[in-house]
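Visitor: I would like to be walked through this protein, and to hear the reasoning behind the words used for it. Could we look at it together?

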Amino acid sequence: MKRLISAKTRPRPGRASPKAGQAQGPAGASEPVAARHKIRFTSRESAAFIVELRSEAARWFTAAGKSDKANLAMYLKTVLMLGVLGGGYILLLTRSLSDGAAIGTLVLMGVAMAGIGFCVAHDALHGAYSSKPWVNTALGGSFDLLGANSYMWKITHNVIHHTYTNIHGVDEDLSVSPLLRLSPDASRLGIHRFQHWYALAAYSTSTLFWVFVKDFKYFLRRDLAKSQRAGHQPGAIAWLLTSKVVYLGYALALPLALIARPWWQILAGFVLMHLVAGVILGVVFQLAHVVEGTSHLLPDSNGVMEHDWAVHEMLTTANFACRNPAVTWFVGGLNHQIEHHLFPKVCSVHYPHLSSIVRSVAARHGIEYHEHQTVWQAWKSHFRTLRTLGRQDQLEVASAA
């Protein structure tokens, strides 16, 4: 067997210096990125791995007579998730619910919000839901209906996170809040010593932050604007403002006008729904990358990464609860995060089948496959990682790894 490709003792290369050129994206096509994102994956160490992996996956789809896009089960889940959120909203507007029933409905709507993000919008915005672009665009609009911005998500998630996973200063998922230190290369503050205790509270505010701050913050960042060649087009800016007004109109203004309850109760219900959605989304996304075993790698002084892109994704990503069909169903296959990063344009319903292929091909090429057997194991690993990052500095974390 070939050498085991591992990064448990992380190298400490120098910081990248901006260079001209484009980074190779996960789909194999060059993606324009901001000057500070000029990081290159030049190694060809896993070329044979990627060729064999794609060949094995294509052979499986052909033999099974399946499309790599959504199937009937995915359609039914989409209808269910959208129906729960829409049905709960209509029930609240009828003013027929008791206080307890209204609270329960809001909690259920928060769960449905997370489910729509996982199971509908995420696949659609990756172009994985359908082979028809207009279907992906229409279903991707569910992301905007939740108060977020699909255009900015495609930049920060599809391009930046999927290409530069766990690279400090580039991957935006590592800088969700100054209250959280999610990378050993980030500055450590005194409050981080307690982050493993308040992390869930911080995650719970994620969708509220998204609605009111995050999208505007990213739109105003010059480096992200430059990454779009000509900057953000007027249509994208108009859509940001329009979609925010529409969301706040139906999610807050209409209930305030139609529901005969004190304004603070309406506002509290809105916040409760977002806190439920936020904590679910926050936890699921962090369990894929900020856990024990996954790596935080840096480019050298020329902006070149040690490994090629495919190996980098394997080293920085972890799966969890892959044998739990209920978890897989609800999180839209995002517990199969390795398969998602390697096959971002394949619908999430196929990840359980792809995981056995990825696992076996990776083993033949001596590449590590990170996985936690249960959600609880993954959460404990994330909890320990937060505690380590909050108490130890850069070199100490590297040594502990």
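Guide: Let us begin inside, with the largest cavity, which is lined by 15 residues, and those nearest its centre are Gly117, Phe143, Leu146, Trp210 and Leu281. Please keep in mind that this is a predicted model.

Visitor: What makes this space a cavity, and how much space lies in it?

Guide: The word cavity is used because a 1.4 Å probe fits there but cannot get out. About 170 Å³ of space lies in this largest cavity. Rolling a probe the size of a water molecule over the atoms shows where empty space is left.

Visitor: Which elements supply the lining of the largest cavity, and which gives the most?

Guide: At least two residues of the lining come from each of H3, H7 and H10, and H3 gives the most, with five residues. By class, the lining of the largest cavity holds eleven nonpolar residues and four polar ones, with no charged residue.

Visitor: How many cavities of 30 Å³ or more does the structure hold?

Guide: There are two cavities of 30 Å³ or more, and the second largest has a volume of about 50 Å³. Its lining includes His161, Asn166, Asp173 and Gln286, and the classes there are three nonpolar, four polar and two charged residues.

Visitor: Why is Gln286, one of those lining residues, called buried?

Guide: The relative accessibility of Gln286 is 7%, and buried means under 20%, so Gln286 counts as buried. Gln286 lies in helix H10, and, leaving aside its neighbours within four places in sequence, Gln286 is in contact with Asp173, Val176, Leu182, Tyr203, Val291 and His382.

Visitor: Is Asn166, which also lines the second largest cavity, buried or exposed, and how do you know?

Guide: At 1% relative accessibility, Asn166 falls under the 20% cut-off and therefore counts as buried. Asn166 is found in the loop between helix H5 (150-163) and H6.

Visitor: What makes the phi of Asn166 worth pointing out?

Guide: Most residues other than glycine have a negative phi. Asn166 is a residue other than glycine, and yet its phi is near 60°, a positive value. Arg95 has a positive phi too, of about 60°, although Arg95 is not a glycine.

Visitor: Where is Arg95 found, and why is Arg95 called exposed?

Guide: Arg95 is found in the loop between H2 and H3. Its relative accessible area is 54%, and exposed means over 50%, so the word exposed applies to Arg95.

Visitor: Why does Thr388 count as partly exposed?

Guide: Thr388 has 27% relative accessibility, and because this value is neither under 20% nor over 50%, Thr388 counts as partly exposed. Thr388 is found in helix H15, and although Thr388 and His192 are 196 residues apart in sequence, their C-alpha atoms are 9.7 Å apart in space.

Visitor: How do you know that the span of helix H15 is close to what is expected?

Guide: Helix H15, residues 375-391, has 17 residues and reaches 24 Å from its first C-alpha to its last, and at 1.5 Å a residue the expected value is 24 Å, to which this span is close. Among the buried residues of H15 are Trp379, His382, Phe383 and Leu386.

Visitor: What is the volume of the largest pocket, and what makes it a pocket and not a cavity?

Guide: The largest pocket has a volume of about 680 Å³, and the word pocket is used because its set of points is open, whereas from a cavity the probe cannot get out. Of the 33 residues that line the largest pocket, Leu92, Leu106, Met109, Gly269 and Phe270 are the closest to its centre. The largest share of this lining, eight residues, comes from H10, and the lining divides into 25 nonpolar, five polar and three charged residues.

Visitor: How many residues of the whole chain are there, and what share of them is buried?

Guide: The chain has 401 residues, of which 54% are buried, and its secondary structure comes to 16 helices and four strands.

Key
Residues are numbered from 1 along each chain as its sequence is written. This is a predicted model: local features need pLDDT of at least 70, side-chain atom pairs count only at pLDDT 80 or more; totals for chains, interfaces and linings use all residues. Side-chain values use heavy atoms; hydrogens and water are left out. Buried means under 20% relative accessible area, exposed over 50%, partly exposed in between (1.4 Å probe, protein chains only). On a 1 Å grid over the protein atoms alone, a cavity is a set of points where a 1.4 Å probe fits but cannot get out, and a pocket is an open set with protein on both sides within 12 Å along at least five of seven lines; lining residues have an atom within 4 Å of a point. Grid points are joined across faces, edges and corners, and a volume is the space filled by probe spheres set on the points. Ala, Val, Leu, Ile, Met, Phe, Trp, Tyr, Cys and Pro count as nonpolar, Asp, Glu, Lys and Arg as charged, and the others, Gly among them, as polar. The expected span of a helix is 1.5 Å times one less than its number of residues. Contact means heavy atoms within 4.5 Å.
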